[in-house]
Amino acid sequence: MKYMATYDMMETMRNTNQWLGATARSMAAYPMFSMVPNPALQWLGAWGEVTERSFERMVVKPDWGLDTFTCDDGRDHLIEVRPIVERAFGDLIHFEVTGRETMKRKILLVAPMSGHYATLLRSTVKSLIRDAEVYVTDWHNARDIPVSAGKFDVEDYTLYLVDFMRELGPDTHVIAVCQPAPLTLAATAYLAEQDPKAQPRSLTLIGGPIDPNANATDVTDFGHRITMGQLQETAIQRVGFKHKGVGRLVYPGLLQLTSFMSMNSEKHSKAFNDQVMRTAQGEASEHDKHNKFYDEYLAVMDMPAEFYLSTVERIFKNGEIASNEFVVDGHKIDIGNITTVAVKTVEGAEDDISAPGQCIAALDLCTGLPDSKKASHVEPGAGHYGIFAGRSWRDNIRPLVLEFIDANSVADKPKAKKAPKKKAAAK
């Protein structure tokens, strides 16, 4: 019960802060206070507004916010988010542009399960939807998944990706962003051996820890420094009675958010203080830059405990992908079995989460792939977020990825066998 009590305590603290913000905002808005304007009351109301919004967003799954799209015909077409495969821990969804002819490019965007929702890739989806049929892995919040649904670790994650690739067929181009890169590489190798006809045409890995030890960061150092026993004791909690997943062991999103914020605490503190002042002066708006970013950044989800722990142990501590020793459902995966799927890696020169060198390690593991089907790119000046959603992605990386997809859209045709020479007729 101690894990459940800790989980409920964190939710109580979040709820209390949201209530304090709402109370401060309401109190500062009393009409009677308008008779004698007071800057302190204006500041109190602004603080309450920013605080209430911030703590409320922590338990709300953001909307995709992609309602319409203007096609080449000049008309606005509705976008329907349609589930293709529905599973307990995550769905495969399709952004269907109604009334538009099916695009030749078919892209599977593998979203991270690292504390944020798949909507973190909203701008990535928006930038790709104009040129392709876009499918996304939409992972569920573990707190809402009943215990009866069973476990979900890195092996289950990999098999989910295998099933999603099979569903979409061999004309698919896969783009994996950050955390899922090593498991997406493993899933592709699994298909190469078990079901070659279902392999995608290409695989683009963006800022993922294929070999975390290739260039250490604070994230990798933490993974080596802490023991699994310490991690189990300090990071894992049991979902409280308020949610459908009551009793499930999880790595809470609120705890992950605390880790995210602590890495750049001064920057975040300044951002919130500045927003309070802008709100007090009437300069803030519903969809300003601050709200647009933090509405997404603060929205966090719980991860299944077994997935989080197995990621730390098997990907970071043991380096099973980096050493080509990864096992799924009792079967050892050999990444060298990838022989036809073109592989491209993308890294940011200033990435402090998955530093340059960690992702490009995938190319060395693809020993069965010819150099003509390998590519890599390091984006100068780009951080972790910028390589898949920022200006670097829009201006430089996205065109390169689409060019790589187009170059590998046609399956290799088998070489025609030469007809045997006819023997000369005997005279």
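This is a short tour of one structure, stop by stop, for use with the viewer open. Keep in mind that the model is predicted.

**Stop 1: the sheet**

Show the strands. Nine of them, 9 strands in all, make an open sheet. Follow the order across: β1-β2-β3-β5-β4-β6-β7-β13-β14. The pairing is mixed.

Now select residues 68–70, which are β1, and 374–379, which are β14. Both strands stand at the edges of the sheet. Each has a single partner strand, so one side of each lacks a neighbour in the sheet. Look along the sheet for its twist, which averages 25° from one strand to the next.

**Stop 2: two hairpins**

Start at the β1 edge. β1 and β2 are antiparallel, paired over 3 bridges. Select T68 and find its bridge partner in β2, L78. The two strands form a hairpin with 5 residues between them. Click on G74 in the turn: its phi is positive, about 85°.

Move on to β2 and β3. These run antiparallel too, joined by 7 bridges. Select P83 and look for I93 in β3, which stands opposite. This hairpin has 3 residues between its strands.

**Stop 3: a parallel pair**

Select residues 106–110 for β4 and 173–177 for β6. These strands run parallel, and 4 bridges join them. Pick V110 and then A176 in β6, its bridge partner.

**Stop 4: a helix on the sheet**

Select residues 154–168, helix α4. Which strands does α4 touch as it packs on the sheet? The contacts are with β2 (76–86), β3 (90–97), β4, β5 (133–139) and β6. Compare directions: that of α4 makes about 155° with that of β5.

**Stop 5: a helix with buried residues**

Go to residues 289–297, helix α10. Which residues of α10 are buried? They are H290, N291, Y294, D295, E296 and Y297. Next, show what covers them. The cover includes α2 (39–57), α3 (122–128), α8 (253–263) and α9 (265–280).

**Stop 6: the cavity**

End inside the protein. The count is 1 cavity of 30 Å³ or more. About 120 Å³ of space lies in the largest cavity. Its lining has 13 residues. Select Y7, E11, R143, L254 and D302, the ones nearest the centre.

Then colour the lining by type: 7 residues are nonpolar, 3 polar and 3 charged. Which helix gives the largest share of the lining? That is α1, with 3 residues. Helices α1 (2–28) and α8 each supply at least two residues of this lining.

Technical notes. Residues are numbered from 1 along each chain as its sequence is written. This is a predicted model: local features need pLDDT of at least 70, side-chain atom pairs count only at pLDDT 80 or more; totals for chains, interfaces and linings use all residues. Side-chain values use heavy atoms; hydrogens and water are left out. Two strands pair if DSSP finds at least two bridges between them. Axes are lines fitted to C-alpha atoms, for helices over the stretch in contact, and angles run from 0 to 180 degrees between N-to-C directions. Contact means heavy atoms within 4.5 Å. Buried means under 20% relative accessible area, exposed over 50%, partly exposed in between (1.4 Å probe, protein chains only). On a 1 Å grid over the protein atoms alone, a cavity is a set of points where a 1.4 Å probe fits but cannot get out, and a pocket is an open set with protein on both sides within 12 Å along at least five of seven lines; lining residues have an atom within 4 Å of a point. Grid points are joined across faces, edges and corners, and a volume is the space filled by probe spheres set on the points. Ala, Val, Leu, Ile, Met, Phe, Trp, Tyr, Cys and Pro count as nonpolar, Asp, Glu, Lys and Arg as charged, and the others, Gly among them, as polar.
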